[in-house]
Amino acid sequence: MTQDPLALRAFRTLTLALLIVWLILPLIPLAIWSFARGWRFPDLLPQEWSLNAWTYALSDTAGVINSLGLTTLIAAGVTALSVLLGVPAGRALGMYRFRGKALVELLILAPLIVPGIAVALGIHSVFIWLGLTNTVAGVMLVHLVPTLPYMVLVMAGIFANLDADLELQARSLGAGPLQTFRHVTLPAILPGIIAGAMFAFLVSWSQYILTLLIGGGRVVTLPLLLFNFATSGRNDIAGAIAVIYILPGALILLFTARHLSGRNAALGGIGGL
Amino acid sequence: MLTKHWPGSPKPTLDRLTLDIPSGELTALLGPSGCGKTTALKMIAGLLDPTSGDIIFDGRSVLHDKPERRGAVMVFQNHLLFPAMSVADNIGFGLRMRHEPKASITARVTDMLDLVQLPGLGHRRPSDLSGGQQQRVALARALILRPNVLLLDEPLSNLDAHLRTDMRDLIRSLQRQLAITTIFVTHDQEEAAVLADRVALILDGQLRQYATPKHFYKRPADAAVARFFGGRNFVPGTASGGLFHSPLGTLHLPDDAPTGPGTLTIRPESIRIGTAPENTLTARLVARAFLGTQTRLRLIVGDVDIEATLTPDQAEGLEVGTDLPVTLPRASLWVLP
Amino acid sequence: MSDRLRLALLLAPALLVIIVLFLGGLAVGLMRSLGYMPVIGLTEPNLDAYAAIFTSPQFYRSFLLTFHIAFTSTVLSALIAIGAALLLRRTFVGKRAITFLFQLNLTVPHLVGAIGILYLFSQSGSFARLGHAWGLIAQPADFPALVFDPYAIGIILQYVWKEVPFIGVIILANMQAIGQDHELVARTLGATRYQAFRHVLLPMILPGVLSASVMVFAFAFGAYEIPAILGQNHPAALPVLAYRSYTDVDLAARPQAMAMAMVIAALSGAMIWAYLRLTRRRSGG
């Protein structure tokens, strides 16, 4: 193809640069605020820099550390449950044809599209009777609504790409069902499980309204704390919490960047992260 | 002289290819996969820029013409019909891009469907057609534009064996009928020989021989060309005074054979069992293999191995271990440099 | 073990959780929105809550605002994402790094994005400060209201920020799978670069674009924290209104909150239907 004119190439480069800047831009004031002491209008940069926000955020009194631990605990627990329940279901959807499969798929897909608040109000009324409101267990259960279907879909994709004959080959070579799973199936699906689990972790990690409703404000995860500081005008502390809050996601992205060429099945459902 | 050198690759994919392609003829670019044939086709179509060199249509360089202005239409190997359009919309695509009137497009698409023997299938989706039908739609989609040059990339390779002959005949007859200058790429020497008026053999990015198909069998340029066309017998020796002196003995050569040291070659199917006034040798049959329509014989003359192929009927009764009279007809011999 | 039993054992645990929590949550929400709750003695279902919200101008303003937010965000995100994917699929120096940066905010929670947008676009935010430095405004109030504003510009900016990479990555994968050959064919058949995009590539990526857009629309229609941070108080986005009604001291407002949740659920039901139609057609074609 004949070389594009310079103007067109310059336009493309400029547009791309602008786009990338825009995608990073909102994170910058957050980072600056976390090191600012009284960053008043109209200063472009803070007059004084300080570590106050960080010292406070990392102190015992702020509750950030507790909150971080709690958020991690909830997300890890929810992820473990999702893997435990989601891997078998993903196998069923990825490797079997059966009557009513379309209905099952619909049931798995629906919670990924229906917003949490539409379901959570009903769940809340039931959890009141069950004594699950305002508890960590209740919050974990309600987080399963977005994470579990997500995990099932990812695993269904992984299993669909797994050659069923591979297991049969292992069986015919004398491996028992457990040995086959341990030595043949698991190594094949493990990368998928890890990627799916990391993103399921992030889905739980990012929940706000489900935690607020079911936790009743008593289960204070990081996003709740962040919301409170941000809306009460403590921009510096909000900045510090925001930086802590996005770290796991950034690490996971770095970790999976090689696979994230877009083909990753794990990406399919994180639009509502 | 077309050269394409991909950055980072040690040698050019296509090295100084020079071809003068006669108008209205069917020319084959032949070579093993990866030899740069498709690259050449894409450069002619304007889809790739050559590293150096020029492309001239009717005396005018088209190097700086955009692909849509070149009048060179390429048909890709895997047909690449547009899945969201009907068969008729696929065929009429190029005319629609030129904003031709709808009625004339419809009429010409109908004609085209008849021409490629798919009458009445215009409303179908490409995915509802068989592989052979899809390939014909792809051909019709290109032909409807009456291109100056039609470029076909392995037009038969995605078809089953029985469809291949039909498609081959269709391409040949359409090309004759419409007299469109056509260049097609193939890795199959038989396909090239049957279809093309002229064949350009490319090995390792370089043009090795450009001639009529018959020439490749009778007068190959060198041993590599002869091997590519199924040559098996190569005997070193010296040609002088119309004779070839070699471990086989002295053989009579055709009048136009070169002289000096060289390699004698003869195609396995040209060898005859039996005696003749000249060029008859005694050979021992050491092995035979039944190949369906052919029987392959391995013969030894002195210490030279020779391969011959006969029809199974001709090979009837020849026993391994016996000595046979073998004739290498003068007209079938050739001397390679 | 028969295949049916094996299948049942594989599916049952996950399905049980989803049916109980998801369908159960929806069902209870529906019952409460109808004022039907035998356990607490409400045995006469009625449509009072729906009558109340459908006659309330406040609800309509919220609904329209929310629809505007979701629709505008989705359309803008999809258009920009198509452009971004077209730029990113070319080969250029530093492509790996740029593609990584493009995906960077995929894992950043919406809440963080919302706060970032707030700090950028509020009347004392970074852009207002830039405006002051360049002498365009004298004081914060001179800066146009881009957050807490009636047109929900800040909210839309946040969604566009977050969803362009999401849709873009899906389109990019789609384009990589399709390859460039169809467009090259179109070019040799006489299509210009634009015609090849418009008539060949676009129809091929459209199902992917639309199914991703459907997810974005449903999310933007039902998300709480983004409008809660960046939106006006009145009218508030529907999820914010529903949450407020639900936590209202007046318990009578609860069935209305449930009714609003059902409206959100019904709309996302329509989105699921659209999603399925789009993805089925893609795999069937």
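**Exercise 1. Find what the buried side of helix 9 of chain A packs against, then look at the shape of that helix.**

Step 1. The buried residues of helix 9 of chain A pack against helix 4 (64-95), helix 7 and helix 12 (235-256) of chain A. Helices here are DSSP runs of H or I with at least four residues, strands are runs of E with at least two, and both are numbered from the N terminus. A residue is buried if 20 or more other C-beta atoms lie within 10 Å of its own, exposed if 12 or fewer, and partly exposed in between, with C-beta atoms placed from the backbone.

Before going on, a word on the model. It is predicted: local features need pLDDT of at least 70, side-chain atom pairs count only at pLDDT 80 or more, and totals for chains, interfaces and linings use all residues. Residues are numbered from 1 along each chain as its sequence is written, while chains are lettered from A and ligands numbered from 1 in the order in which they are written.

Step 2. Pick out the buried residues of helix 9 of chain A: among them are A:Ile189, A:Gly192, A:Phe199, A:Leu202 and A:Trp205.

Step 3. Check the length. Helix 9 of chain A covers residues 177-205, which is 29 residues, yet its end C-alpha atoms are only 35 Å apart, short of the 42 Å for a straight helix at 1.5 Å a residue. That expected span is 1.5 Å times one less than the number of residues.

Step 4. Look for a bend. There's a kink of about 55° at A:Leu186, shortly before the proline A:Pro187. The bend at a residue is the angle between axes fitted to the seven residues ending there and the seven starting there.

**Exercise 2. Set chain A and chain B side by side.**

Step 1. Count the elements: chain A has 12 helices and two strands, whereas chain B has 10 helices and 20 strands.

Step 2. Read off the spans of the C-alpha traces along their principal axes. Chain A gives about 75 × 70 × 35 Å, and chain B about 75 × 45 × 35 Å.

Step 3. Look at burial: 48% of the 273 residues of chain A count as buried, and 39% of the 337 residues of chain B do.

Step 4. Turn to contacts, meaning pairs of residues whose C-beta atoms, placed from the backbone, lie within 7 Å. Of the contacts in chain A with a separation of 6 or more, 76% are between residues 24 or more positions apart. In chain B, 65% of contacts between residues at least 6 apart in sequence join residues at least 24 apart.

**Exercise 3. Work out the five-stranded sheet of chain B.**

Step 1. Write down the order: this open sheet runs 15-19-16-17-18, with antiparallel pairing. Two strands pair if DSSP finds at least two bridges between them.

Step 2. Mark the edges, strand 15 (272-273) and strand 18 (304-310), each of which pairs on one side only.

Step 3. Follow strand 16 (residues 280-290) to strand 19 (residues 323-327): they pair over five bridges. B:Leu281 has B:Val326 as its bridge partner, and B:Thr280 stands opposite B:Thr327.

Step 4. Now go the other way. Six bridges join strand 16 to strand 17 (residues 295-301) of chain B, with B:Ala287 partnered by B:Arg298. Their hairpin has four residues between the strands, and B:Gly292 there takes a positive phi near 90°.

**Exercise 4. Trace the nonpolar cores.**

Step 1. Start with the term: a nonpolar core is a set of buried Ala, Val, Leu, Ile, Met, Phe, Trp, Tyr and Cys residues joined through C-beta atoms within 7 Å.

Step 2. Find the hubs. In the largest core, of 242 residues, A:Leu226, A:Ile241, B:Leu151, C:Ile115 and C:Ala261 touch the most other members. Helix 7 (residues 136-160) of chain A gives the most to this core, with 16 residues.

Step 3. Look around B:Leu151. Leaving out residues up to four places away in sequence, B:Leu151 touches several residues, including B:Leu41, B:Ile44, B:Val73 and B:Ile183.

Step 4. Finish with a second, separate core of 20 residues, which includes B:Val235, B:Leu297, B:Val326 and B:Val335.

Methods. Two residues are in contact if their C-beta atoms, placed from the backbone, lie within 7 Å.
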